[in-house]
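Biologist: I'm new to this one, and I'd like to learn how to read it feature by feature. Could you walk me through it?

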Amino acid sequence: MNDYSVLVYGATFWGIGFAAASSGVLVIDPGINPGHEFADTFCTKICRPEQLQTEFARYFYSVLQKHNAIHDGKLHPAALVPMLCSFILEHKINVLLDTILIEKQPVCIMSGASKRNISADQIIDTLTPSGTVWKKYFNALLHGEENAVIPTEYLNGSADSPTIAPGRFSSEAVLHFPVSPGTGYAEARQELEAFWRLRPEMLSKWKIAALAPEFYEITDSSQQKNRFFSQGYSDPLLALDSGIMEALK
Amino acid sequence: MIRYDIIVAGAGTAGVFAALSAAKQGMNVLLLEKTTACGGIGTNGAIAPYYDRSFIDLSADIDKDVFDRQDGSGFLLPLKRNCVSTELLKRAYEQELLKNGVEIIYRAVVSGVLSDGNHVIGLRWHDPQGNHEAGAGVVIDATADGTVLALAGAEFLEDGIRQPYARIYSYLAGDSLWNFGGDAGYVNQDDPENLSLELLKSAAAQVPEQFSEVEKRFLTAPVPGLREGRHLRGRETVRFSDIVHNKQTGNPVAREYANFDTHTIDLVFEDEEFYLFCVAALQWETHFNITIPFGALLPVGMEGIIAAGRMISADHEASQGVRMKGCMKHLGAIAGAAAAISVKKKISLSKVSSQEITALYPLPERAELLKQNTDLWLSDPVEIKEKLKKSNPGTAIWSAYLNGVTEPLYELLDESGFARVHGAFALALQHDKKALKVLRELVEREDQTRSETLRNEPVREPHGAIAAYLLGRLNDKESFPLLCSLFENSRDFFFVSAAWHSLLRLTENNSELRRSGYEVLKSFAEGQRKIPPFRCYCGEICDATEKMKSITLKHLKNITL
């Protein structure tokens with residue numbers, strides 16, 4: 001089938017939410033990890049279930065809870081990809097991974113070496129921020145050795161300096177490392193590694209387990225103007241919920 | 001239009017070394033990478049073991065940099081020795097490339113090829129900023145799957161068989177970082193729907209009952225562990241049969257010293273000689289010298305483009321020995337050097353000589369690489385016979401097969417234990433019907449004994465299952481009822497699949513068995529019966545029912561009753 005009502009660009013939480021509550025939707029993503037905009041930036045934030053407006057989103061919340069991925073308002077980011085994949089299969093959402101949108105008129109998508117034209121009444125881009133990026137972070141997932149604690153100055157630091165957010169487990173935390181909006185991945189890796197090598201003694205019990213495969217970006221657009229940009233939401237379930245709400249409109 | 005001397009598509013291990021090698025020859029190089037880091041499966045794929053047998057100097061500085069920087073880096077390091085921090089390796093690659101003037105564009109996916117007739121002259125790509133294009137003296141396809149070559153219209157070998165792939169996540173093991181190598185079954189990455197479905201299924205299968213702090217997970221790798229894809233139809237081809245029969249020819253530009261590191265468990269679906277090699281002769285751990293000729297990197301009928309990576313011209317079986325990091329480095333370096341020579345001398349790639357390439361990257365001369373593969377085998381029948389009595393007889397079985405040793409082995413058939421079974425296997429490989437009696441006995445009692453590999457680990461396939469396969473090889477009509485019974489009643493995948501394989505052969509090759517064999521096979525292919533499952537490397541349960549039914553139906557179509 002090559003005719004769709006909507007082509008969603010980005011297997012993001014918003015995009016998957018939209019597709020879960022719609023029919024005739026194809027979701028495509030350049031990468032292989034659905035929900036990467038939160039999973040691959042090591043998001044540890046999770047809203048309260050009562051903040052969610054849809055059954056689907058509350059259901060996803062309950063599944064995360066059941067599998068011990070949420071505790072005390074904190075999320076275990078590594079749970080997101082496998083859990084969202086499971087959600088996609090369960091709800092038979094039409095997703096093509098490793099696929100890019102190369103032309104919008106006519107709509108042409110490409111997976112590996114195979115290109116195909118499809119028809120879609122609408123394209124919704126959930127990957128590209130519509131406003132200017134005014135804050136950008138290169139995050140790192142931290143593992144704490146025994147008795148590691150997050151120093152208060154990092155827990156409550158300013159958005160313009162490195163901060164550390166606790167994760168679901170006591171030995172899990174995420175370093176939010178601010179970089180300027182024009183910084184590329186090579187530069188960001190270099191800056192972060194240099195910072196970490198010279199980190200203060202109070203962080204010595206923390207080690208970097210992984211660097212984020214993706215930047216976390218915050219735009220200056222209003223929520224309304226930028227409502228499709230999944231990473232514009234403060235946590236994955238709010239993005240999922242919003243995508244579902246958009247489909248139900 | 002912007003023009004580069006060389007554009008490299010794909011910054012996996014091969015692509016990194018292709019770009020570096022070309023840049024070191026003074027070339028103006030653009031490197032396009034679809035993820036956000038260099039290193040491919042070796043970094044983004046979370047494969048921390050280094051598997052470095054590249055033997056080339058080009059990687060020495062990088063290796064030293066990474067290993068030196070690991071201690072005191074504040075990064076969680078991998079569990080085992082000879083493993084690297086994949087995060088530090090990403091940056092080491094990147095810094096070395098930038099230092100040598102390579103321009104890197106991340107999140108860039110090649111979307112088209114610019115060509116003039118059969119000559120590739122540039123690339124189009126797509127990144128978050130839109131569509132772009134640039135000209136190039138030479139394009140190096142280091143996309144692993146040969147995506148650029150496919151877009152350019154290159155021909156590929158038609159194997160159709162691939163190794164299982166892995167969907168990897170990193171996690172905390174003790175106080176170290178490790179990766180769960182989850183072999184996740186088969187995928188055809190040329191089919192976008194199949195790829196997506198398998199990626200979703202394999203990640204979903206990794207949801208535990210409870211996420212825990214003890215084996216705390218870090219990251220689902222953003223690059224899948226695809227071990228095999230398209231294989232280029234090159235001007236020369238690396239073939240398994242040539243390697244194991246010591247018939248490699250041509251002027252090599254690279255050497256690999258490796259085993260055929262198959263992750264395939266259901267080897268019954270593979271080429272017969274590969275099954276005999278891996279299963280009946282227990283040889284998959286044996287390291288061979290594999291030589292790679294320059295022509296294996298060059299597509300037939302095309303110019304301006306060269307392959308660097310696991311998509312080189314190699315058959316499915318041989319490719320399992322030429323896909324590791326060390327080999328990828330070497331292939332990348334060679335492709336980069338050849339491209340640079342082509343641009344500098346303004347000659348086509350096919351006119352670049354192997355000698356010019358090896359002058360830049362000499363063939364390594366480490367002791368193990370200078371050995372002949374023939375040295376692996378035993379030639380003395382007495383020694384072969386003695387070795388067959390051991391629990392790990394692989395070398396002796398294959399040596400008997402290669403050297404045609406039969407008569408001295410007949411005595412073993414009157415002995416007991418391993419000697420009797422291994423003697424029968426060695427004879428069956430050579431189509432010697434004297435092995436039949438022993439083989440039938442093993443099948444009759446569904447013998448569960450297992451021999452050991454070279455490393456003294458028990459192999460998966462029990463003697464009875466191997467015997468069932470070999471009865472088909474020997475076209476043993478008398479065992480037909482026995483094999484039917486085994487196929488229909490056994491609860492072990494290895495027995496059922498081996499009996500099935502032999503039934504297909506017996507039905508095809510013997511007119512008197514055709515009708516009854518046809519009925520048994522048709523009843524299976526059209527029925528509801530499920531084949532007993534088996535476990536792949538990571539412990540995932542695999543079901544081969546549909547695969548066996550599909551193959552059976554194809555065979556039945558060719559049978560005339």
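Biologist: Let me start with a small detail: in the hairpin of β7(A) and β8(A), which residue takes a positive phi?

Modeller: That's A:G112, with a positive phi near 60°, in a hairpin that has two residues between the strands. Before we go on, keep in mind that this is a predicted model, where local features need pLDDT of at least 70, side-chain atom pairs count only at pLDDT 80 or more, and totals for chains, interfaces and linings use all residues. Residues are numbered from 1 along each chain as its sequence is written, chains are lettered from A and ligands numbered from 1 in the order in which they are written, and side-chain values use heavy atoms, with hydrogens and water left out.

Biologist: Where do labels like β7 come from, and what does it take for two strands to pair?

Modeller: Helices (H or I, at least four residues) and strands (E, at least two) are DSSP runs, numbered from the N terminus. Two strands pair if DSSP finds at least two bridges between them. Here, five bridges join β7(A) to β8(A), residues 114–125, and the two run antiparallel. Within that pairing, A:I109 stands opposite A:R116.

Biologist: How many bridges does β7(A) make with β6(A)?

Modeller: Five bridges, again in the antiparallel sense, with β6(A) covering residues 99–104. These two strands form a hairpin as well, with two residues between them. A:E103 faces A:C108, and A:K104 has A:V107 as its bridge partner.

Biologist: Is β7(A) largely enclosed or left open?

Modeller: First the idea: buried means under 20% relative accessible area, exposed over 50%, and partly exposed in between (1.4 Å probe, protein chains only). Five of the five residues of β7(A), 107–111, are buried, so the strand is largely enclosed by the rest of the structure. Both of its faces are covered: A:V107, A:I109 and A:S111 are buried on one side, A:C108 and A:M110 on the other.

Biologist: In what order do the strands of that sheet come?

Modeller: Six strands of chain A make an open sheet in the order β5-β2-β1-β8-β7-β6, with mixed pairing. At the edges stand β5 (95–96) and β6, each with a single partner strand, so one side of each has no neighbour in the sheet. Helix α1(A), residues 13–20, packs on this sheet and touches β1 (3–9), β2 (25–28), β5 and β8, where contact means heavy atoms within 4.5 Å. The direction of α1(A) makes about 160° with that of β2(A). For such values, axes are lines fitted to C-alpha atoms, for helices over the stretch in contact, and angles run from 0 to 180 degrees between N-to-C directions.

Biologist: How is chain A divided into domains?

Modeller: Domain bounds come from an automatic or database domain assignment. Chain A has domain 1 (3–129 + 224–248) and domain 2 (133–218). Their centres, taken over C-alpha atoms, are 25 Å apart. The contact takes 18 residues from domain 1 and 19 residues from domain 2.

Biologist: Which residues does A:F229 contact, leaving aside its neighbours within four places in sequence?

Modeller: Those are A:T126, A:L127, A:T128, A:P129, A:E217 and A:T219. A:F229 is in the loop between β13 (216–219) and α7 (236–248) of chain A, and it is buried, with a relative accessible area of 3%.

Biologist: Now helices: at what angle do α16(B) and α18(B) pack?

Modeller: Two packed helices are described by the angle between their axes and the distance between the axes. For α16(B) (463–473) and α18(B) (493–509), the angle is about 5° and the axes are 8 Å apart. They are therefore roughly parallel; angles under 35 degrees count as roughly parallel, over 145 as roughly antiparallel, 65 to 115 as roughly perpendicular and the rest as oblique. Among the residues that meet are B:A468 and B:L471 from α16(B), and B:F494 and B:A498 from α18(B).

Biologist: And in chain B, which strands lie at the edges of the sheet β8-β7-β9?

Modeller: That open sheet of three strands has antiparallel pairing, and its edge strands are β8 (176–180) and β9 (217–220), each pairing on one side only. The twist averages 25° from one strand to the next. Three bridges link β7(B), residues 169–173, to β9(B), with B:Y169 partnered by B:T220.
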